Amino acid sequence: MIGEFELACVGLNHRTAPVELRERFAVASDQLSVHYEELRRADVPETVILSTCNRVEFYALVPSDEQRLIDHLARWRGMRRRQLEPHLYRHLGVEAVTHLFRVASSLDSMVLGEPQILGQVKEAFRGAEDARSAGRILHLLMRRALTVAKRVRTETAIGREPVSMGRAGVELARQVFGKLEGRGGLMVGAGEMGRLVARSLLDHGVEELVVANRTYARAVELAQRFGGTAAHLDQLERYLEQVDIVLTSTGSTEHLLTRKVLGRVMRTRRFRPLFCVDLSVPRNIDPACNDLEGAFVFNVDDLSRVAAQGMERRKQEAELAEDIVRSEAQRCYQSLGARSADPIIAAMTRRAESARVAELARSEAVLATMTAEQRDVVRAMTRSMFKRFLHHPIQVARKAGAYGDDSALGVLGQVFEGEE
Amino acid sequence: MDSSLLIAALLSWLAAAGLRLAPDRPGLARLVVPLVSLGVALDAVALADHGVRLGQLPVYDPASSLLFLALLVACGTLYAHRATSGRGLSLFLLPLAVVLLAVALLLPGEFEPASTAEWSVLFPLHVLALLCGLAAFGLSFGVSVVYLVVARRLKQKRLASLGRLPSLTVLDQLNTRFILFGFAALTSGIAAGGIWATSLTGPRDLGATVWSTLVVWAWYFVAVQVRVVGGWRGRLAAGFSVVGFAGLVVGLIGLGVAMGWHG
């Protein structure tokens, strides 16, 4: 428990609810304040709502358990609890903290390690702060979640390996060229996979794209879409001498690029590296081209393998990330618990200060005979005495809060919060 | 020479190189620069101390020149580490510094100061420039080996954890810089040495070491032409560096052992 409240998380995600249900419960940003207000009225003092395409989650400080949150969700969409509950997951206390940290660290994402979720958590936190729904506890919790997510990204390689065909193409191209900024690409054909990889390369810095197609009108259409240049297929050799990256994705049953042609091109290029990705089946680039100096030819299987290896690596890294999340969640929940001692600590300090001021007032006559410096020394001394005296009880109160020792907190409360 | 400082430098470089064999952790990778820098500082302190005792630049006896070379290689490693955003080059470059330092440690420790009676500014320039050239060619050798490894793995589609090594283009650029720097240093060193020797004794027959140095110069001259003027890239350019440095080392050791060092 955190004082009189408990931290709860209730939500549904891509694993527990079909898209039809998820879209029904998605919370639009202009609806957030309505939810926050309603929950406040239902004695839920602090709430943060995280709504993405894969999940809708309510993190809240609740008086006892998560039932109020479930009631709120059911009422909102006019569903019976019985219908809704099978699709929901709920976490209380340290479990809720762990879940949030896993979500923010992208350990609970559909694509493990994807980076977007961190921005979405940040956005949710900002929305709750704007609506004044993230109070002291959730503020600390969300800040910690963002820090833990960054720690996971820094200390593990969970987001580094490519897991899509597009990213696999980008990573392989980077292994040849380093940065892709300023590089030129040639896309031969209009296959879907080729377009996917081309988009990824453009998103990662490739600046110029030439689109060559058997049907020139189709090449023009695609070139316009990618902001590139259209070319005829018979101009292929000329462009091969200029570009750095070649993507082929056509329905041709013959090799469009033979070893002889590419050999000629490579000599003209003075063996400047040429990165080729053949996404066609049957292949459009003669595999023997890979033997040419400076030419690096990959096919659809190579890209799939890189993506699969990336996923495998991310899974390995996830184990390390889970350890970080678990230990951070435990520590965070304890420090949140320690906050439940804050009112008692405030009462201790208040009572000590009033006693100090009263005693100084009683000695006013004696103090009046002293110089200003001597009076300052006495005041500082009394302040320091009380501070020292309170140090240990404050530590005990914090520890009691952190470990949920309600009886110790109760005794301290009676001692310091009661009437004098 | 203070061997405890040198052993500490050796250990810190070994640790920095070894870090690249550990699992891929950004936290560990961040230790590479401090460890290499620590080794550089320790080596520099040992050299400075030795120089103060000798009362001259600590580059004229075999042990000091090896230590100076190790220092240059380690500095070059730091540069390469920065240029490749810390991608694994220390594992390939630092062993050279480690070997140089280890050999220096095995050599007899005490040397008489070299006689400086006939020296002008040209002789120290000759020695320093040649050492800089050697270090740069050594670094270019290491970078070229990495280039060949990466290119081979890409060709063979052995793609697992390839991202831990620098890209081919970055390696090629780095190699070109080391070759150009080394060639400029070698040319300056040969010129300074030639002018100095001629000023002392007039034209004379060139010894085997001088001839072999000129062969090395010619080799790297061709390498520079191929790269800079011809614009050739890739394995051919990397091969030039590997063969050039291997030949240089074999030649230097062979001549040094067989005939003693010239001078």
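A residue counts as buried here when its relative accessible area is under 20%. The model is predicted, and that cut-off is applied below to one strand of its sheet.

The sheet in chain A is open and has four strands, in the order S2-S3-S1-S4, with antiparallel pairing. Strand S2 (46–51) and strand S4 (89–92) of chain A each have a single partner strand, so they stand at the edges and one side of each lacks a neighbour in the sheet. On average, neighbouring strands are turned by 15° against each other, direction ignored.

Strand S1 (residues 6–13) of chain A is joined to strand S3 (residues 55–62) of chain A by eight bridges, and the two run antiparallel. Along this pairing, A:Asn13 has A:Arg55 as its bridge partner in S3(A), and A:Gly11 stands opposite A:Glu57. With S4(A), S1(A) pairs over four bridges, again in the antiparallel sense; here A:Ala8 stands opposite A:Leu92.

In a regular strand, side chains alternate between the two faces of the sheet. In S1(A), A:Glu6, A:Ala8, A:Val10 and A:Leu12 point one way, while A:Leu7, A:Cys9, A:Gly11 and A:Asn13 point the other way, and all are buried. Because eight of the eight residues of S1(A) are buried, the strand is largely enclosed by the rest of the structure.

Two helices of chain A also meet the sheet. Helix H5 (residues 94–104) packs on the sheet and touches S1, S2, S3 and S4 of chain A; its direction makes about 145° with that of S3(A). Helix H7 (residues 136–155) lies across S1, S2 and S3 of chain A and runs at about 40° to S2(A).

Notes
Residues are numbered from 1 along each chain as its sequence is written. Chains are lettered from A and ligands numbered from 1 in the order in which they are written. This is a predicted model: local features need pLDDT of at least 70, side-chain atom pairs count only at pLDDT 80 or more; totals for chains, interfaces and linings use all residues. Side-chain values use heavy atoms; hydrogens and water are left out. Two strands pair if DSSP finds at least two bridges between them. Axes are lines fitted to C-alpha atoms, for helices over the stretch in contact, and angles run from 0 to 180 degrees between N-to-C directions. Contact means heavy atoms within 4.5 Å. Buried means under 20% relative accessible area, exposed over 50%, partly exposed in between (1.4 Å probe, protein chains only).
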